[in-house]
Amino acid sequence: PAPDVLMGKSGSLPRWQLCRGISGSFRVEWVAGFVWNQWQPWSGIRKVDALEEIRRTFTQLPKCQPYVIVANPDYGEGEYQATITMQAKDLLAWVNAKLESGSPLYTDKVLLPLLRNWLKDAEETGSEQSRFPAIAYEVIEREIKDWIEKGLTTVYCPSCASEIQNFDKAEKDRWNAGNSLYFWTDNWVCPAGHLLYRRNEWMHINRLRHRVDTRNW
């Protein structure tokens with residue numbers, strides 16, 4: 001039978017940290033008191049005062065510029081060593097498609113409409129950039145890698161001080177525990193060898209079931 005593949009189920013695993021990325025970090029923009037790396041149907045965000053705080057955060061954002069920085073080393077998420085920018089109009093198109101798909105995630109239902117309102121009023125001309133609102137980063141962090149691979153973003157290597165059109169992708173440090181638990185590190189580097197992206201991944205294969213489920217962590 002086809003195996004059941006589970007990728008990135010959070011847990012205490014050897015050589016892998018329990019929490020990764022910006023979802024495990026607290027930034028100034030985070031609403032105080034939230035544990036943002038636990039985006040489940042938590043009750044905290046459903047409180048009226050919490051929702052008002054989120055809306056207030058969006059109303060205080062500067063006007064969105066034509067380009068949005070969706071990943072940057074100083075964001076603190078720890079995976080991207082490059083600066084990744086995306087046109088606001090392309091980001092808005094993704095938000096609209098996500099809303100039309102009827103995402104069941106509560107965080108999407110709360111944050112995507114606010115994000116759409118911010119993006120739809122973006123400046124249409126110029127080369128200025130806005131920082132992506134950290135409070136909504138959770139809804140895009142798993143999408144950025146796919147956007148890069150689809151050519152929807154601009155990748156800037158700070159070490160080369162230039163935009164990168166091509167980069168090398170490799171899986172490093174592969175190892176496994178038995179024949180069902182696999183670990184590796186995704187590594188992307190620019191032609192000069194500078195690290196652009198690194199992420200620890202793991203996958204569990206349950207060979208007794210029929211469903212295939214792939215998820216990152």
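**A walk through the fold, starting from a small hole**

About 40 Å³ of space lies in the second largest cavity of this protein. Hello everyone, and thanks for coming. Before going on, please keep in mind that what you see is a predicted model. I'm starting with that little hole, and then we'll work outwards.

So, which residues line the second largest cavity? They are Tyr80, Ala82, Ile84, Ile148, Val155, Phe167, Trp188, Leu196 and Tyr197. By class, that makes nine nonpolar residues, with no polar and no charged ones. A search of the whole structure turns up two cavities of 30 Å³ or more. As for how such spaces are found, rolling a probe the size of a water molecule over the atoms shows where empty space is left.

Let's step back to the whole chain. There are 217 residues in the protein, and 44% of them count as buried. The secondary structure comes to four helices and nine strands. If you trace the elements from the N terminus, you read β-α-β-β-α-α-β-α-β-β-β-β-β. Now look at the contacts with a separation of 6 or more: 62% of them are between residues 24 or more positions apart. On the outside, the accessible surface comes to about 11900 Å², and carbon and sulfur atoms hold 49% of that.

Next, the inside. In soluble globular proteins, nonpolar side chains tend to be buried together. Here, the largest nonpolar core has 43 residues, and the members that touch the most others are Val70, Leu119, Phe132 and Ile144. Many elements chip in: helices H1 (48-59), H2 (88-100), H3 (106-120) and H4 (144-149), along with strands S2 (67-71), S3 (83-87), S5 (153-157) and S9 (195-206), each supply at least two residues of this core. The largest share comes from H3, with seven residues.

Let me pick out Phe132 from that group. What is Phe132 in contact with, leaving aside its neighbours within four places in sequence? The answer is Val68, Ile69, Val70, Tyr75, Leu91, Leu115, Tyr137 and Ile140. Val70, as you may recall, is another of the core members that touch the most others.

Phe132 also takes us to an open space, the second largest pocket. Among its 14 lining residues, Leu61, Pro62, Arg131, Phe132 and Pro133 lie nearest the centre. The volume of this pocket is about 200 Å³. Strand S4 (residues 129-131) gives the most to the lining, with three residues. And the mix by class is seven nonpolar, four polar and three charged residues.

Further along the chain, Ala136 lies in the loop between S4 and H4. Is Ala136 buried or exposed? With a relative accessible area of 0%, Ala136 is buried. Beyond its neighbours within four places in sequence, Ala136 is in contact with Phe58 and Leu111. The C-alpha atoms of Ala136 and Ile54 are separated by 9.3 Å, although these residues are 82 apart along the chain.

Now over to strand S5, where we find Thr154. Thr154 is partly exposed, at a relative accessible area of 29%. Apart from neighbours within four places in sequence, Thr154 is in contact with Thr83, Ile84, Thr85 and Glu163. You'll remember Ile84 from the lining of the second largest cavity. Thr154 and Ile164 are ten residues apart along the chain, and their C-alpha atoms are separated by 7.6 Å.

Another residue to find on your screens is Cys190, in the loop between strand S8 (181-189) and S9. Cys190 counts as buried, because its relative accessibility is 1% and buried means under 20%. Not counting residues up to four places away in sequence, Cys190 touches Cys157, Cys160, Ile164, Phe167 and Leu196. Two of these names, Phe167 and Leu196, bring us back to the lining of the second largest cavity. Cys190 is also 6.3 Å from Asp168, C-alpha to C-alpha, with their places 22 residues apart in sequence.

One last stop: the backbone. Most residues other than glycine have a negative phi, and most peptide bonds are trans. Ala161, though not a glycine, has a positive phi of about 55 degrees. Ala161 lies in the loop between S5 and strand S6 (162-164), and it is exposed, with a relative accessible area of 52%. Asp173 has a positive phi of about 55 degrees too, but Asp173 lies in strand S7 (residues 168-177).

That's the tour. Thanks for listening!

Note on methods
Residues are numbered from 1 along each chain as its sequence is written. This is a predicted model: local features need pLDDT of at least 70, side-chain atom pairs count only at pLDDT 80 or more; totals for chains, interfaces and linings use all residues. Side-chain values use heavy atoms; hydrogens and water are left out. On a 1 Å grid over the protein atoms alone, a cavity is a set of points where a 1.4 Å probe fits but cannot get out, and a pocket is an open set with protein on both sides within 12 Å along at least five of seven lines; lining residues have an atom within 4 Å of a point. Grid points are joined across faces, edges and corners, and a volume is the space filled by probe spheres set on the points. Ala, Val, Leu, Ile, Met, Phe, Trp, Tyr, Cys and Pro count as nonpolar, Asp, Glu, Lys and Arg as charged, and the others, Gly among them, as polar. A nonpolar core is a set of buried Ala, Val, Leu, Ile, Met, Phe, Trp, Tyr and Cys residues joined through side-chain atoms within 4.5 Å. Buried means under 20% relative accessible area, exposed over 50%, partly exposed in between (1.4 Å probe, protein chains only). Contact means heavy atoms within 4.5 Å. Accessible areas come from the Shrake-Rupley method with a 1.4 Å probe; for residues, only the protein chains shown count as cover.
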